[in-house]
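Got a structure open and wondering where all the labels come from? Let's go through some of them together.

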Amino acid sequence: MLSVVPTPITVRVPAKVNLHLSVGDARPDGYHELVTVFQALSLTDDVTVMAADEPGLEVKGEGADEVPTGPDNLVWKAVRLLAEHCGRDPENPGLHISINKGIPVAGGMAGGSADAAAALQAVNQLWRLELGRDELSEIAGKIGSDVPFSLQGGTALGTGRGERLVPVLARHTFHWVIALDREGLSTPAAYGELDRLRAENGNGRIGEVEPLLEALASGDPRQLALLLGNDLQAAAVSLRPGLRRTLRAGVQAGALAGIVSGSGPTCAFLCTDADEAVRVAAELSGAGVCRTVRVAHGPVPGAKVVSEEPANRPTPPQVHA
Ligand SMILES: C[C@@](CO)(OP(=O)(O)O)[C@H](O)COP(=O)(O)OP(=O)(O)OC[C@H]1O[C@@H](n2ccc(N)nc2=O)[C@H](O)[C@@H]1O
Ligand SMILES: Nc1ncnc2c1ncn2[C@@H]1O[C@H](COP(=O)(O)OP(=O)(O)O)[C@@H](O)[C@H]1O
């Protein structure tokens with residue numbers, strides 16, 4: 001009898017930047033209470049899953065050498081939780097997974113979370129589980145605080161650990177220049193450094209989120225630029241003092257404003273329009289303050305099945321520093 005092997009499923013998933021990241025006190029469970037506004041950007045990873053007798057994981061692309069290929073990879077955490085949820089053997093999922101990275105690793109752009117979200121979406125389809133958005137989102141929150149947003153995409157207000165989401169109206173498209181650093185930064189280290197700085201110097205905190213939500217609704221990048229804020233920026237700069245120079249160089253190159261993305265060390269620069277972003281990227285790449293520069297726009301959709309093969313993915317616009 002002929003057995004039908006399901007075709008591989010490829011899901012494309014975006015990076016994120018936090019336009020507003022207000023960090024509260026550490027909770028008893030070690031997490032910090034957040035008020036954050038995520039925006040999904042057009043830097044993406046592709047995750048392909050296929051049925052296989054021999055399980056395996058292959059990672060290619062941006063920073064692939066730094067990504068764990070064993071059980072620590074977040075895609076396996078996603079698969080284990082999904083298998084448990086639907087009564088399959090979590091230790092023997094019979095899958096081969098391939099990740100093509102375009103999102104910087106340990107860059108504060110939720111690359112690992114993105115891959116986990118993509119794996120959830122892809123395996124849901126491959127195993128024909130037909131889990132809805134809410135069910136997938138609940139599993140996503142168990143993988144990591146950023147994973148529900150990677151599934152949802154767009155622009156969203158996050159509370160709790162960042163996993164409770166409400167979509168936010170963002171008129172028009174915003175144009176960004178992304179400066180990638182030479183080495184990643186650890187998320188727990190950045191939160192730990194923030195706690196240390198606050199214990200030493202008191203509680204410097206960014207303002208309320210409402211004005212930023214209004215700027216997003218207006219679609220005016222100049223208004224938005226004035227309101228970008230990230231409580232983790234001081235911690236990231238303290239751990240990686242060179243970021244101060246990167247942030248300055250982006251603004252000198254003509255960006256409206258620059259911000260450390262999440263826990264860093266990637267910096268994101270908001271520009272007036274797409275042409276200006278290309279110009280700023282070229283100038284910033286010549287300033288020698290970062291490893292490489294990309295242009296990106298947002299908001300874009302969350303994890304989504306793509307029909308084309310990953311080999312045909314568009315090459316992201318890039319300027320080498
Ligand atoms: C800082 C942010 C901003 O969006 O993103 P990144 O810069 O990592 O991309 C997130 O809060 C990162 O979320 P994520 O990377 O999913 O973190 P998790 O796996 O849930 O947690 C990793 C560790 O980060 C710290 N953590 C995370 C979230 C939170 N609200 N408070 C925390 O203190 C904890 O030390 C936790 O053990
Ligand atoms: N699929 C994955 N892609 C990238 N990193 C991963 C992945 N799975 C696990 N990791 C681990 O997660 C750490 C954080 O990576 P990442 O999610 O890219 O950054 P960030 O938390 O700063 O947004 C990495 O150092 C790596 O060890």
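Here are a few questions and answers about this predicted model.

Q: Why is α1 called oblique to α3?
A: The axes of α1 (residues 74–85) and α3 (residues 133–143) cross at roughly 135 degrees. Roughly antiparallel needs an angle over 145, and roughly perpendicular runs from 65 to 115. The crossing angle fits neither label, so α1 counts as oblique to α3.

Q: Which hand does the crossing of α1 and α3 have?
A: That crossing is right-handed.

Q: How do you know that α1 and α3 meet?
A: For a contact, the C-beta atoms of two residues have to lie within 7 Å. On the α1 side, Leu74, Lys77, Ala78, Leu81, Leu82 and His85 take part, and they meet Ile139, Lys142 and Ile143 of α3. Sorted by class, this contact has six nonpolar, one polar and two charged residues.

Q: What makes a residue part of the shell around ligand 1?
A: Its C-beta atom has to lie within 6 Å of the ligand. For ligand 1, 22 residues make the cut, and the closest are Gly108, Gly144, Ser145, Gly262 and Ser263. β1 (9–26), β2 (32–51) and α5 (187–201) each chip in with at least two residues.

Q: How many residues of each class does the shell around ligand 1 have?
A: There are twelve polar, eight nonpolar and two charged ones. Don't be thrown by the glycines: Gly counts as polar here.

Q: How do you know which domains the shell around ligand 1 draws on?
A: Check the residue numbers: domain 1 covers 9–169 and domain 2 covers 174–298. Each of the two gives at least three residues to that shell.

Q: What makes up the shell around ligand 2?
A: Here 21 residues surround the ligand, with Leu74, Ala106, Gly111, Gly112 and Asp115 the closest. α1 and α2 (111–126) are the elements giving two or more residues, and α2 has the largest share, with four. By class, you'll find nine nonpolar, ten polar and two charged residues. This shell, too, draws at least three residues from each of domain 1 and domain 2.

Q: How far apart are the C-alpha centres of domain 1 and domain 2, and what does their contact take from each?
A: The centres lie 23 Å apart. The contact takes 28 residues from domain 1 and 33 from domain 2. On the domain 1 side, β1, β2 and β5 (155–160) are the elements that give two or more residues. That side has 18 nonpolar, nine polar and one charged residues.

Key
Residues numbered from 1 in each chain as written. Chains lettered and ligands numbered in written order. Predicted model: local features only at pLDDT ≥ 70, side-chain atom pairs only at ≥ 80, totals over all residues. Domains from an automatic or database assignment. Axes fitted to C-alpha atoms, helices over the stretch in contact; angles between N-to-C directions. Parallel < 35°, antiparallel > 145°, perpendicular 65-115°, else oblique. Left-handed = near helix turned anticlockwise from the far one by under 90°.
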